Amino acid sequence: MDTSSPELCLLCCQIIGDYYGDFYQALFQKLTELGRCSAQQLAQSLHVPLRNVKNGLAGLVTLRLVFHCTVHDGPTTYTADLRGVYQVLRIGKLVQLAHNDHGSLAARIIETACNLKHCTLLELVDRVSRHDEATDESTIRSMVQALIADQYLINLRATHLKATSDVHREIESSMGSAVARITGTKAKIEHEEQVRLQTNQSLDTSTTEYGYCDTRGTRPTEGDQNGAVRAPQTNDMRDERLLQPNLYRVVLHAEMQGLRASATRTHGSLAAKVLVAAAKIVANPNAWTPSPVINFKTKSLQKTLVIEADHEQSDGNDVVMSNGNGSLDRDTSSVTIAQVEASLSRLAEGPYIFIEHMIEDWYIDKSAMDKYVREEELFKVLESRIPQPAPRILRILMNKGKLEERTLQELGLLGARDLKQALLEMKRLGFIDLQEIPRNAQRQPNQTVFLWFHDHERVQRYVLEGIYKSMTRLLQLLDLERTKIESTLAKIERDDVKGNEKQALGQAEYAVLSRYRKVEAWLNTEIARLDDSVAILRDVPTVTVDF
Amino acid sequence: MSKRKQPDSKVPAPSMTEQEKVLYNLIQSKQDLGIWSRDVNREARLPNKVVAKSLESLLSRGLIKAVAHFQSKSRKHFLASEFEPSPEITGGKWYDQGSLDTEFVDFLKGQCLKHIRNLKIATVDTVADAVRRSRVLKVDYSSEDIGEIVGALVLDNDVIEMRSNGLGEFAAVPAGGACYKCRDATKEPRVGAMASIPCGVCPEVARCTPGGVVSPATCEYYSKWLDF
C-alpha cells in the first residue's frame with residue numbers, strides 16, 4: 001500500500017472519526033503527519049496530557065489501527081496502519097459473504113471476530129454462544145471449523161501485529177553480518193528476494209506460532225526456526241489457536257465479480273460461471289502466498305459447478321432466464337463435462353489468454369488473470385469519464401508503447417482534430433503523458449520528437465487517489481446528513497423509542513428519518529462500489545508484502 | 001502499381017531548360033512517392049531561386065503536380081503528372097483531400113459490425129466478402145482494408161479477437177487463424193463506480209476541500225443528486 005498517498009490518509013482519518021470518535025481521529029491524524037513517533041512526541045504535538053495519549057494509543061493498538069514497535073534500546077514507537085483502518089470498510093462485505101456461503105450463524109461468527117479483531121478459538125466460541133443462547137457450542141465449533149476450512153478465519157501470527165518495515169528490519173538484522181558483506185547489484189537483488197521470501201513466510205497464515213502466541217504457556221511444538229508450525233487448517237481446533245478474520249476474501253470476491261461481468265458480456269452466463277469456478281480453484285485466499293500456475297481437470301471443474309448449483313438451489317437462488325443471446329441460461333446443476341470443455345475452449349481462444357490447455361489439464365496463470373481484471377477495471381473508469389476515441393487510443397498505447405501523434409492517427413484511423421482533443425483530455429485527466437525527445441541541443445520545437453505514452457502504475461495511483469477522495473467526500477456527506485438530524489438520531493436510541501419510531505416520532509420527523517436512512521443506504525452502497533474498484537486496482541495483483 | 005501514361009507522339013515535347021530537365025527527371029524518378037519540396041533543393045543541387053522558378057514553370061505547363069501530404073497540409077510533394085500519388089502521401093483509402101473521412105469510416109465500421117454479428121464467428125476475409133456482396137460500396141476494398149476497419153472495432157472493444165481451435169463454432173476457421181466475434185450489445189454497458197457519483201465527473205474536484213469554497217457542504221451537484 002502506498003502510505004505516501006495523502007488522500008488515503010485523509011480517508012482513513014475520516015473512517016476513524018466516523019467509527020471511533022474525534023479523539024482517536026486526532027491521534028491518528030497526527031500519527032499520519034508525523035509518521036513513526038513516540039507517545040511523548042504525540043503528546044507534545046497535540047498538547048494533550050501524556051496519559052490521555054497513551055490510553056488513546058492503547059485503544060488504537062488494540063483495534064489494530066496502529067502498529068507499535070518496542071525495542072530493547074529505545075522508546076516504543078507507533079505507526080499508523082492505513083491498511084488496517086481501510087479494512088474497516090470491508091467488514092460488512094465479509095459478513096455478507098459468510099452469510100451467503102454458510103448462513104446466518106457464520107455471519108454472526110465473522111461479525112464477532114471482526115469486532116474482536118483477533119481472538120483465540122475459545123474466546124470466539126464463548127462470545128458467540130453468549131449472544132446466541134439458542135445455538136449449542138458444538139454447532140458453533142463446527143461452523144468455526146467450516147469457516148477456517150474456507151479461509152474466512154485464518155491464523156494470526158506475531159508478524160501480523162507489526163508494521164511491514166519492522167518485519168523487514170527484523171529479518172535483515174537476523175541475517176546479521178551477512179548483510180554488510182553483500183556487494184554488487186546481482187547479490188543485492190538476490191538478498192532482497194531472500195528478505196522478501198522470508199517476510200512472506202513469516203506472514204503466511206497457513207502456519208501457527210503456538211510457542212509465541214500461546215497465552216496458556218503451553219510448550220511450543222516442533223516447527224521451523226521461527227517457531228512456526230505448519231498446522232493443518234481444519235483439524236487443529238485447540239482452544240488457544242489464535243484466529244483473525246480474512247478480509248482478503250472481499251478482494252477475491254471483487255475480482256471474481258469482475259471476471260464474471262466480463263465473461264458474461266463476451267461469452268454468456270454459462271461460460272462466465274465456468275470461468276469463475278476455474279478462477280476460484282486458482283485463487284488463494286491466503287494473501288501472503290502467491291498462487292502459482294495451477295492445473296485442473298475438466299471433470300473436477302464440472303463437479304464444482306454442480307455442487308455450487310445445488311447450493312444455490314437449496315438457497316432458492318436458482319432462476320432460469322434468457323441470457324440475451326437468445327438461448328436459455330441453464331442452471332449448472334445439469335452441466336456436462338462436454339459443455340464445460342466447450343466453454344473453457346471458447347474462453348481460452350480469446351480474450352482470456354491466461355487459460356491454457358495442455359493434453360488433459362487446463363492451466364490458469366493467476367498473475368495474467370489479475371492483470372486482465374485490473375486492466376478491465378481501469379478501462380471501465382476511463383470509459384465512464386471520456387467517450388471514444390479515448391479508450392481506443394489507450395489500447396493502442398498499451399499495446400505499442402510510446403508513439404507519435406501521426407502514428408496514432410494511422411493506427412487508430414482517427415481524424416487529426418478528434419485525436420488532438422482526446423489526447424489533451426486524457427492528459428488533463430492523467431491517463432497519458434507526453435515525452436519530449438530533442439534531436440539537437442537547441443531543443444527547438446520543430447526539431448523535437450513528441451511521444452505519447454501511458455504509464456500504467458502512475459495512472460493506477462492517480463485513479464486510486466481519485467477514488468479515495470470520492471470515498472472521503474461521501475463519508476463527509478454522510479456525516480453532514482447525520483449532523484442535520486442529530487437530535488432525532490439521539491431520540492431513536494432511547495429504549496422507549498427503539499423499534500417503535502413510527503409511533504413515537506411525529507409524521508414530519510419520521511419522514512426526515514426515513515429520508516436520512518435512504519441517503520445513508522445509498523451513500524454506503526456507493527462507498528461499497530468504490531471499494532470494489534479499490535480492491536481490484538490496488539489489492540488484487542499485489543500478493544507480496546508491500547500492499 | 002503506379003500508372004504511367006504513354007507519351008502522346010502527336011504532341012511535340014515541350015522545350016525545357018537544362019535546369020527544368022534536371023528537376024523533371026528527378027521528380028519523375030521518384031514515381032508515385034513524389035519528392036518533398038525541401039528535398040528537391042537538396043537533391044537537385046541548384047540555387048533556390050532557380051529551383052523555385054523551374055518548378056513554377058513545370059507546374060504551369062502541367063508536367064508536374066503538387067500534392068499535400070495528409071499528415072501535414074503545408075508539406076508539398078511534387079509528382080510527375082502521369083503518376084497517381086501513393087497512399088503514403090494521400091493517407092490511403094480512408095482519406096479524402098488530405099483529411100480522414102470519419103463519416104465513411106464510421107459507416108464502414110457499422111457495416112462490418114453488422115456482418116460479424118450475422119456471421120457469429122467471422123474472419124477478415126468473410127467480412128470483406130459479406131461487405132462486397134452487400135453492394136453498399138461503389139469501390140472495391142481489399143481484405144487488408146477491411147482488416148483495418150475490423151482492427152478499429154477491436155480497439156473500440158465492440159468486437160473480440162480470438163484464435164480458432166478448429167472445433168465447434170470455430171470449425172469453419174482453420175486452427176490458429178484469427179477470427180472475430182461481437183460482444184453482447186444487449187448486456188448493460190459497464191459503468192465505473194466513479195461515473196455514478198458527482199465527484200467522479202466533477203470539474204472542480206481538484207479544488208474541493210472541506211470548509212473551502214468548493215466543499216461537500218456547499219456542493220450543488222450533491223444537493224441535486226440527493227434530492228429524492
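**Domain organisation and interfaces of chains A and B**

The domain assignment of chain A gives four segments, namely domain 1 (6-80), domain 2 (249-372), domain 3 (402-453) and domain 4 (461-539). The structure is a predicted model. In chain B, the assignment yields domain 1 (18-91) and domain 2 (102-227). The C-alpha centres of these two domains of chain B are 42 Å apart.

Two annotated regions of chain A were examined. According to the unreviewed UniProt entry, residues 11-67 of chain A carry the annotation "domain: RNA polymerase III subunit RPC82-related helix-turn-helix". Over residues 11-67 of chain A, helix accounts for 77% of the chain and strand for 7%, with the end C-alpha atoms separated by 18 Å. A further annotation in the unreviewed UniProt entry, "domain: DNA-directed RNA polymerase III subunit RPC3 winged-helix", covers residues 381-453 of chain A. For residues 381-453 of chain A, the helix content is 52% and the strand content 16%, and the end C-alpha atoms are 18 Å apart.

Within chain A, domain 2 and domain 4 share an interface in which four residues of domain 2 are in contact with five residues of domain 4. The area buried between these two domains of chain A is about 320 Å², with carbon and sulfur atoms contributing 79% of it. On the domain 2 side, Val250(A), Val251(A) and Ala254(A) supply 87% of the area buried against domain 4 of chain A, more than any other three residues. The side of domain 2 of chain A that touches domain 4 of chain A consists of three nonpolar residues and one charged residue, with no polar residue. Across this interface of domain 2 and domain 4 of chain A, zero salt bridges were found. The search for residue pairs in polar contact, with both residues at pLDDT 80 or more, likewise returned zero for domain 2 and domain 4 of chain A.

The interface of chain B and chain A involves 50 residues from chain B and 50 residues from chain A. The two chains bury about 4,600 Å² between them, of which 58% is given by carbon and sulfur atoms. One salt bridge was identified across the interface of chain B and chain A. This salt bridge pairs Asp156(B) with Arg392(A), with a distance of 2.7 Å between the closest N and O atoms. The interface of the two chains also contains 10 residue pairs in polar contact, both residues of each pair being at pLDDT 80 or more. Several elements of chain B each supply at least two residues of the side that touches chain A: helix 5 (102-119), helix 7 (143-155), strand 6 (159-163), helix 8 (198-201) and helix 9 (220-225). Of these, helix 7 of chain B provides the largest share, with five residues. By residue class, the side of chain B that touches chain A comprises 28 nonpolar, 10 polar and 12 charged residues.

Over all chains, the search of the whole structure identified 40 salt bridges. In chain A, a salt bridge joins the side chains of Glu33(A) and Lys30(A), with an N to O distance of 3.2 Å. Glu33(A) and Lys30(A) are separated by about one helical turn, because the two residues lie three residues apart in helix 2 (residues 22-34) of chain A.

Notes
Residues numbered from 1 in each chain as written. Chains lettered and ligands numbered in written order. Predicted model: local features only at pLDDT ≥ 70, side-chain atom pairs only at ≥ 80, totals over all residues. Heavy atoms only, no water. Contact = heavy atoms within 4.5 Å. Buried area = accessible area lost by both parts, 1.4 Å probe. Salt bridge = Lys/Arg side-chain N within 4 Å of Asp/Glu carboxyl O. Polar contact = N/O pair within 3.5 Å; in protein donor to acceptor, adjacent residues only side chain to side chain. Helix = DSSP H or I, 4+ residues; strand = E, 2+ residues; numbered from the N terminus. Nonpolar A, V, L, I, M, F, W, Y, C, P; charged D, E, K, R; others polar. Domains from an automatic or database assignment. UniProt positions renumbered as here; feature names shortened; annotations may be inferred.
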